[in-house]
Amino acid sequence: MAYPSQLGFQDAASPLMEELLHFHDHALMVVLLISVLVLYIIVTMVSTTLTDKLILDSQLIEIIWTILPAFVLALIALPSLRILYLMDEINDPHLTIKTVGHQWYWNYEYTDYTDLSFDSYMIPTQDLMPGQLRLLEVDHRMVIPSNSPVRVLVTAEDVLHSWAVPSLGIKMDAVPGRLNQTTLFASRPGVFYGQCSEICGANHSFMPIVVESISLNHFKDWVTFMIENE
(Lines give C-alpha, C1' and ligand atoms only; values in the text may rest on other atoms or scores of the structure.)
Protein backbone atom coordinates (compact mmCIF):
# COMPACT_ATOMS: atom_id res chain seq x y z
CA MET A 1 0.00 0.00 0.00
CA ALA A 2 1.00 3.65 -0.19
CA TYR A 3 3.07 5.26 2.54
CA PRO A 4 3.54 8.92 3.61
CA SER A 5 5.53 11.15 1.22
CA GLN A 6 5.49 8.48 -1.47
CA LEU A 7 6.30 9.93 -4.91
CA GLY A 8 6.00 6.87 -7.14
CA PHE A 9 3.48 4.09 -7.61
CA GLN A 10 2.74 1.33 -5.15
CA ASP A 11 4.74 -1.89 -5.44
CA ALA A 12 3.41 -4.09 -8.23
CA ALA A 13 1.50 -7.20 -7.17
CA SER A 14 0.46 -8.35 -10.66
CA PRO A 15 2.15 -8.74 -14.06
CA LEU A 16 -0.07 -6.01 -15.49
CA MET A 17 1.04 -3.49 -12.87
CA GLU A 18 4.66 -4.39 -13.59
CA GLU A 19 4.07 -3.56 -17.25
CA LEU A 20 2.46 -0.26 -16.28
CA LEU A 21 5.44 0.64 -14.09
CA HIS A 22 7.86 -0.15 -16.93
CA PHE A 23 5.83 1.98 -19.34
CA HIS A 24 5.73 4.84 -16.83
CA ASP A 25 9.52 4.78 -16.50
CA HIS A 26 9.91 4.59 -20.29
CA ALA A 27 7.60 7.56 -20.94
CA LEU A 28 9.16 9.56 -18.10
CA MET A 29 12.64 9.10 -19.58
CA VAL A 30 11.42 10.29 -23.00
CA VAL A 31 9.80 13.37 -21.44
CA LEU A 32 12.97 14.07 -19.44
CA LEU A 33 15.17 13.96 -22.54
CA ILE A 34 12.81 16.26 -24.44
CA SER A 35 12.71 18.70 -21.52
CA VAL A 36 16.51 18.82 -21.29
CA LEU A 37 16.83 19.39 -25.05
CA VAL A 38 14.24 22.20 -25.07
CA LEU A 39 15.84 23.84 -22.02
CA TYR A 40 19.26 23.68 -23.66
CA ILE A 41 17.93 25.31 -26.85
CA ILE A 42 16.19 28.09 -24.88
CA VAL A 43 19.29 28.83 -22.81
CA THR A 44 21.46 28.85 -25.95
CA MET A 45 19.14 31.23 -27.82
CA VAL A 46 18.94 33.62 -24.88
CA SER A 47 22.63 33.61 -24.02
CA THR A 48 24.10 34.10 -27.51
CA THR A 49 23.77 36.93 -30.01
CA LEU A 50 25.08 34.92 -32.95
CA THR A 51 22.66 34.07 -35.77
CA ASP A 52 22.91 32.13 -38.97
CA LYS A 53 20.82 32.82 -42.05
CA LEU A 54 20.68 29.07 -42.77
CA ILE A 55 18.88 28.55 -39.45
CA LEU A 56 16.38 31.34 -40.12
CA ASP A 57 15.17 29.68 -43.33
CA SER A 58 16.09 26.02 -43.65
CA GLN A 59 13.97 23.25 -45.15
CA LEU A 60 16.16 20.61 -43.52
CA ILE A 61 15.45 21.89 -40.01
CA GLU A 62 11.70 21.95 -40.71
CA ILE A 63 11.85 18.36 -41.93
CA ILE A 64 13.78 17.29 -38.83
CA TRP A 65 11.44 18.95 -36.33
CA THR A 66 8.46 17.42 -38.11
CA ILE A 67 9.78 13.85 -38.32
CA LEU A 68 11.43 13.76 -34.89
CA PRO A 69 8.24 14.44 -32.85
CA ALA A 70 6.38 11.85 -34.92
CA PHE A 71 9.09 9.31 -34.09
CA VAL A 72 8.89 10.18 -30.39
CA LEU A 73 5.09 9.78 -30.41
CA ALA A 74 5.44 6.35 -32.01
CA LEU A 75 8.04 5.45 -29.37
CA ILE A 76 5.44 6.15 -26.67
CA ALA A 77 2.28 4.99 -28.47
CA LEU A 78 3.38 1.48 -29.44
CA PRO A 79 4.12 0.26 -25.88
CA SER A 80 0.95 1.99 -24.71
CA LEU A 81 -1.20 0.11 -27.24
CA ARG A 82 0.41 -3.16 -26.21
CA ILE A 83 -0.56 -2.59 -22.57
CA LEU A 84 -4.10 -1.56 -23.54
CA TYR A 85 -4.61 -4.85 -25.35
CA LEU A 86 -3.11 -6.76 -22.40
CA MET A 87 -5.60 -5.07 -20.06
CA ASP A 88 -8.53 -6.17 -22.21
CA GLU A 89 -7.30 -9.76 -22.55
CA ILE A 90 -9.28 -12.30 -20.51
CA ASN A 91 -8.08 -15.84 -21.16
CA ASP A 92 -9.89 -18.72 -19.44
CA PRO A 93 -10.43 -17.19 -15.98
CA HIS A 94 -10.40 -19.62 -13.06
CA LEU A 95 -12.89 -17.56 -11.07
CA THR A 96 -15.54 -14.91 -11.76
CA ILE A 97 -16.55 -12.33 -9.17
CA LYS A 98 -19.35 -9.81 -9.64
CA THR A 99 -18.70 -6.52 -7.86
CA VAL A 100 -21.64 -4.18 -7.26
CA GLY A 101 -21.16 -0.65 -5.94
CA HIS A 102 -23.75 0.78 -3.55
CA GLN A 103 -23.99 3.98 -1.54
CA TRP A 104 -21.63 3.43 0.25
CA TYR A 105 -20.36 -0.14 0.31
CA TRP A 106 -19.43 -2.96 -2.06
CA ASN A 107 -21.17 -6.26 -2.68
CA TYR A 108 -19.20 -9.27 -3.93
CA GLU A 109 -20.88 -12.27 -5.57
CA TYR A 110 -18.86 -15.38 -6.42
CA THR A 111 -20.85 -16.54 -9.42
CA ASP A 112 -19.09 -19.92 -9.69
CA TYR A 113 -20.57 -20.97 -6.33
CA THR A 114 -24.14 -21.22 -5.11
CA ASP A 115 -25.24 -18.50 -2.70
CA LEU A 116 -21.77 -17.12 -2.00
CA SER A 117 -22.11 -13.36 -1.74
CA PHE A 118 -21.53 -10.76 0.95
CA ASP A 119 -21.41 -7.02 1.57
CA SER A 120 -18.15 -5.23 2.39
CA TYR A 121 -18.43 -2.22 4.72
CA MET A 122 -15.68 -0.02 6.05
CA ILE A 123 -14.85 -0.69 9.71
CA PRO A 124 -15.54 2.47 11.79
CA THR A 125 -12.54 4.03 13.49
CA GLN A 126 -13.78 3.18 17.00
CA ASP A 127 -14.07 -0.53 16.07
CA LEU A 128 -10.59 -0.97 14.60
CA MET A 129 -8.32 -3.64 16.03
CA PRO A 130 -4.60 -2.99 16.66
CA GLY A 131 -2.74 -3.04 13.37
CA GLN A 132 -5.78 -2.34 11.19
CA LEU A 133 -5.68 0.68 8.90
CA ARG A 134 -8.05 3.60 9.42
CA LEU A 135 -10.46 4.28 6.52
CA LEU A 136 -9.06 1.31 4.60
CA GLU A 137 -10.08 -1.82 6.53
CA VAL A 138 -13.37 -3.61 5.79
CA ASP A 139 -15.42 -6.23 7.63
CA HIS A 140 -15.39 -8.68 4.70
CA ARG A 141 -12.46 -8.78 2.29
CA MET A 142 -12.67 -9.94 -1.30
CA VAL A 143 -10.62 -13.15 -1.22
CA ILE A 144 -9.01 -14.53 -4.38
CA PRO A 145 -6.54 -17.35 -5.10
CA SER A 146 -3.01 -16.23 -5.93
CA ASN A 147 -1.43 -17.05 -9.31
CA SER A 148 -4.87 -17.57 -10.83
CA PRO A 149 -6.59 -15.35 -13.42
CA VAL A 150 -9.76 -13.84 -11.98
CA ARG A 151 -12.48 -12.11 -13.99
CA VAL A 152 -14.19 -9.24 -12.20
CA LEU A 153 -17.59 -8.01 -13.42
CA VAL A 154 -18.19 -4.47 -12.19
CA THR A 155 -21.49 -2.61 -12.02
CA ALA A 156 -23.40 -0.27 -9.68
CA GLU A 157 -26.81 -0.25 -8.07
CA ASP A 158 -27.45 3.49 -7.73
CA VAL A 159 -24.80 6.00 -8.90
CA LEU A 160 -21.40 5.93 -10.58
CA HIS A 161 -18.62 4.22 -8.64
CA SER A 162 -15.13 3.06 -9.61
CA TRP A 163 -13.50 -0.14 -8.38
CA ALA A 164 -9.76 0.51 -8.12
CA VAL A 165 -6.83 -1.38 -6.58
CA PRO A 166 -3.58 0.44 -7.53
CA SER A 167 -1.10 -2.32 -6.64
CA LEU A 168 -2.95 -4.74 -8.94
CA GLY A 169 -3.20 -2.23 -11.78
CA ILE A 170 -7.00 -2.30 -11.73
CA LYS A 171 -9.42 0.60 -12.15
CA MET A 172 -12.86 -0.05 -13.61
CA ASP A 173 -15.92 2.19 -13.60
CA ALA A 174 -19.09 0.84 -11.99
CA VAL A 175 -22.00 2.16 -14.05
CA PRO A 176 -25.67 1.48 -13.20
CA GLY A 177 -27.27 -0.68 -15.87
CA ARG A 178 -23.92 -1.60 -17.44
CA LEU A 179 -21.68 -4.59 -16.77
CA ASN A 180 -17.97 -3.88 -17.26
CA GLN A 181 -15.36 -6.59 -16.97
CA THR A 182 -11.69 -6.64 -16.15
CA THR A 183 -9.16 -9.23 -15.12
CA LEU A 184 -6.73 -9.41 -12.22
CA PHE A 185 -3.87 -11.76 -11.48
CA ALA A 186 -2.23 -11.58 -8.08
CA SER A 187 1.29 -12.91 -8.47
CA ARG A 188 1.85 -13.29 -4.72
CA PRO A 189 -0.17 -13.70 -1.54
CA GLY A 190 -0.96 -10.50 0.30
CA VAL A 191 -3.54 -7.88 1.20
CA PHE A 192 -4.07 -5.06 -1.30
CA TYR A 193 -6.01 -1.88 -0.59
CA GLY A 194 -8.00 0.43 -2.83
CA GLN A 195 -10.84 2.92 -2.70
CA CYS A 196 -13.75 4.06 -4.82
CA SER A 197 -12.23 6.40 -7.41
CA GLU A 198 -15.44 8.13 -8.49
CA ILE A 199 -17.08 10.93 -6.51
CA CYS A 200 -20.27 9.07 -5.60
CA GLY A 201 -21.76 11.14 -2.82
CA ALA A 202 -21.35 12.22 0.80
CA ASN A 203 -19.62 9.04 1.95
CA HIS A 204 -17.48 8.57 -1.14
CA SER A 205 -14.34 8.49 1.00
CA PHE A 206 -15.69 5.69 3.18
CA MET A 207 -16.11 2.73 0.82
CA PRO A 208 -12.66 1.13 0.67
CA ILE A 209 -11.70 -2.02 -1.25
CA VAL A 210 -9.60 -4.80 0.25
CA VAL A 211 -8.43 -7.73 -1.88
CA GLU A 212 -6.77 -10.62 -0.06
CA SER A 213 -4.76 -13.05 -2.16
CA ILE A 214 -4.20 -16.49 -0.62
CA SER A 215 -3.01 -19.89 -1.85
CA LEU A 216 -5.45 -22.10 -3.74
CA ASN A 217 -5.75 -24.65 -0.91
CA HIS A 218 -6.53 -21.94 1.63
CA PHE A 219 -9.01 -20.42 -0.82
CA LYS A 220 -10.91 -23.72 -1.02
CA ASP A 221 -11.07 -23.85 2.78
CA TRP A 222 -12.32 -20.25 2.87
CA VAL A 223 -15.07 -21.00 0.32
CA THR A 224 -16.18 -24.03 2.33
CA PHE A 225 -16.28 -21.97 5.53
CA MET A 226 -18.25 -19.15 3.91
CA ILE A 227 -20.84 -21.48 2.38
CA GLU A 228 -21.33 -23.39 5.65
CA ASN A 229 -21.84 -20.14 7.57
CA GLU A 230 -24.02 -18.44 4.97
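Colleague: Which residues does the UniProt annotation "domain: Cytochrome oxidase subunit II copper A binding" cover?

Modeller: This is a predicted model: local features need pLDDT of at least 70, side-chain atom pairs count only at pLDDT 80 or more, and totals for chains, interfaces and linings use all residues. Residues are numbered from 1 along each chain as its sequence is written, and side-chain values use heavy atoms, with hydrogens and water left out. UniProt positions follow the numbering used here, feature names are shortened, and annotations may be inferred rather than shown by experiment. In the unreviewed entry, this domain covers residues 92-225.

Colleague: What percentage of residues 92-225 is strand?

Modeller: Helices (H or I, at least four residues) and strands (E, at least two) are DSSP runs, numbered from the N terminus. The end C-alpha atoms of the span lie 26 Å apart. Helix takes up 7% of residues 92-225, and strand 43%.

Colleague: Which residues does UniProt list for "transmembrane region"?

Modeller: The entry is again unreviewed. One of the listed stretches, residues 63-85, is 100% helix and 0% strand in the model, with its end C-alpha atoms 33 Å apart. The UniProt list reads 27-51 and 63-85.

Colleague: What is the radius of gyration of the chain?

Modeller: The chain has 4 helices and 10 strands. The radius is taken over C-alpha atoms, and the globule rule is 2.2 Å times the number of residues to the power 0.38. For 230 residues that rule gives 17 Å, and the chain's value is well over it, so the chain is more spread out than a compact globule. The radius of gyration is 24 Å.

Colleague: What does the C-alpha trace span along its principal axes?

Modeller: Start with the order of elements: from the N terminus they run α-α-α-β-β-β-β-β-β-β-β-β-β-α. Of the 230 residues, 34% count as buried. The trace spans about 85 × 40 × 35 Å.

Colleague: How far apart are the end C-alpha atoms of H1?

Modeller: The expected span of a helix is 1.5 Å times one less than its number of residues. H1 has 33 residues, which should span 48 Å. The model agrees, with the end C-alpha atoms at 48 Å.

Colleague: Which residues of H1 are buried?

Modeller: Buried means under 20% relative accessible area, exposed over 50%, and partly exposed in between (1.4 Å probe, protein chains only). Contact means heavy atoms within 4.5 Å. What covers the buried residues of H1 includes H3. Those buried residues are Leu-16, Met-17, Ala-27 and Val-30.

Colleague: Which residue forms a salt bridge with Arg-82?

Modeller: A salt bridge is a side-chain nitrogen of Lys or Arg within 4 Å of a carboxyl oxygen of Asp or Glu. For Arg-82 and its partner Glu-19, the closest N and O atoms are 2.9 Å apart. Arg-82 sits in helix H3 (residues 59-88) and Glu-19 in helix H1 (residues 15-47), 63 residues apart. The partner is partly exposed, with a relative accessible area of 24%: Glu-19.

Colleague: Which residues are linked in a network of salt bridges?

Modeller: Glu-137 pairs with Arg-141, closest N and O atoms 3.0 Å apart. Glu-212 and Arg-141 also meet, at 3.4 Å, N to O. Glu-212 lies in strand S10 and Arg-141 in the loop between strand S3 (117-120) and S4, so this second pair ties together parts 71 residues apart in sequence. The linked residues are Glu-137, Arg-141 and Glu-212.

Colleague: Is Glu-137 buried or exposed, and what is its relative accessible area?

Modeller: Its partner Arg-141 is partly exposed, with a relative accessible area of 24%. Glu-212 is partly exposed too, at 23%. Glu-137 is buried, with a relative accessible area of 2%.

Colleague: In S10, which residue is the bridge partner of Val-191?

Modeller: Two strands pair if DSSP finds at least two bridges between them. Strand S9 (residues 190-195) pairs with S10 in the antiparallel sense over 6 bridges, while strand S4 (residues 142-145) runs parallel to S10, joined by 4 bridges. On the S4 side, Val-143 stands opposite Glu-212. The bridge partner of Val-191 is likewise Glu-212.

Colleague: How many residues of strand S10 are buried?

Modeller: S10 covers residues 208-214. The strand is mostly covered. Of its 7 residues, the number buried is 6.

Colleague: What is the relative accessible area of Thr-99?

Modeller: Thr-99 is found in strand S1 (residues 95-102). Not counting residues up to four places away in sequence, Thr-99 touches residues including Trp-106, Tyr-108, Met-142, Val-154 and Trp-163. Thr-99 is buried, with a relative accessible area of 0%.
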